[in-house]
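Biologist: Could you take a close look at one part of this model for me? I'd like to know how the strands pair up, and what sits in the middle.

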Amino acid sequence: MPATGYVQVRAYASTAQFPLENVAVAITAADGTAIAMRLTDRNGRIPPIEIPVPDKSESLAPDPAETPFATVNLYAHLSGYERVENENVQVFADTTTIWNLEMVPLSELPYAWDQTVVFDTPPQNL
């Protein structure tokens with residue numbers, strides 16, 4: 001039986017974790033289907049986004065053939081900062097996954113103005 005999990009994002013500048021407003025955040029399913037697109041508020045956050053996930057019972061006693069969580073990809077962009085891509089972010093039933101997006105100012109990387117940093121999250125060892 002499907003359940004619901006949540007993803008919430010916090011975007012900040014890498015120096016001193018200063019919150020970043022108006023970071024464009026896109027959340028997609030593992031197959032690339034768009035789930036949500038939001039802009040961060042002045043606190044660098046977006047509200048929790050509902051994600052359909054497997055039932056909680058599957059994460060308590062998982063079957064090796066079944067994945068007890070859903071995975072999503074997060075994409076973040078703000079002018080003047082390096083683009084960030086987080087792949088395979090895991091979301092569990094009845095849980096809010098809070099994902100920190102560390103945005104690096106391009107002034108710190110003058111030769112990387114068109115570069116995207118990709119982070120791939122390995123699955124949990126359940």
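**The paired strands and the core**

Modeller: Let's begin with a residue that leads into the middle: Phe69 has 10% relative accessibility, and since buried means under 20%, Phe69 counts as buried. Keep in mind that this is a predicted model.

Phe69 is in the loop between α1 (56-60) and β6 (70-77), so let's walk along β6 next and come back to the ring later. β6 pairs with β3 in the antiparallel sense, over six bridges. If you want a spot to click on, Ala29 stands opposite Val72 of β6. β6 also pairs with β7, again antiparallel and over six bridges. Here Leu74 has Asn86 in β7 as its bridge partner. β6 and β7 make a hairpin with five residues between them, and in that turn Gly80 has a positive phi of about 90°.

Now go back to β3, residues 24-29, which runs antiparallel to β4, residues 34-39, with five bridges joining the two. Ile27 is bridged to Ala36 in β4. This hairpin has four residues between its strands, and Gly32 takes a positive phi near 95°.

What about the middle? The largest nonpolar core has 27 residues, and the members that touch the most others are Val7, Val23, Ile27, Ile51, Leu101 and Met103. So Ile27, the residue bridged to Ala36, is on that list too. At least two core residues each come from β1 (3-13), β3, β5 (49-53), β6, β7 and β8. The largest share, five residues, is supplied by β1. As a rule of thumb, nonpolar side chains in soluble globular proteins tend to be buried together.

Leu101 is a handy place to zoom in. Leaving aside neighbours within four places in sequence, Leu101 is in contact with Val9, Arg10, Ala11, Tyr12, Val25, Ala76, Val84 and Asn86. You'll recognise Asn86 as the bridge partner of Leu74.

Finally, back to the Phe69 ring. Searching the whole structure turns up one aromatic pair. The pair is Phe69 with Phe92: the ring centres are 5.2 Å apart and the planes sit at 55°, so the pair is tilted. It links distant parts of the chain, with the two residues 23 apart and Phe92 in the loop between β7 (83-91) and β8 (96-103). Phe92 counts as buried as well, at 18% relative accessibility.

Conventions: Residues are numbered from 1 along each chain as its sequence is written. This is a predicted model: local features need pLDDT of at least 70, side-chain atom pairs count only at pLDDT 80 or more; totals for chains, interfaces and linings use all residues. Side-chain values use heavy atoms; hydrogens and water are left out. Two strands pair if DSSP finds at least two bridges between them. Rings of Phe, Tyr and Trp (its six-membered ring) pair if their centres lie within 6.5 Å; planes under 30 degrees apart count as stacked, over 60 as edge-to-face and the rest as tilted. Buried means under 20% relative accessible area, exposed over 50%, partly exposed in between (1.4 Å probe, protein chains only). A nonpolar core is a set of buried Ala, Val, Leu, Ile, Met, Phe, Trp, Tyr and Cys residues joined through side-chain atoms within 4.5 Å. Contact means heavy atoms within 4.5 Å.
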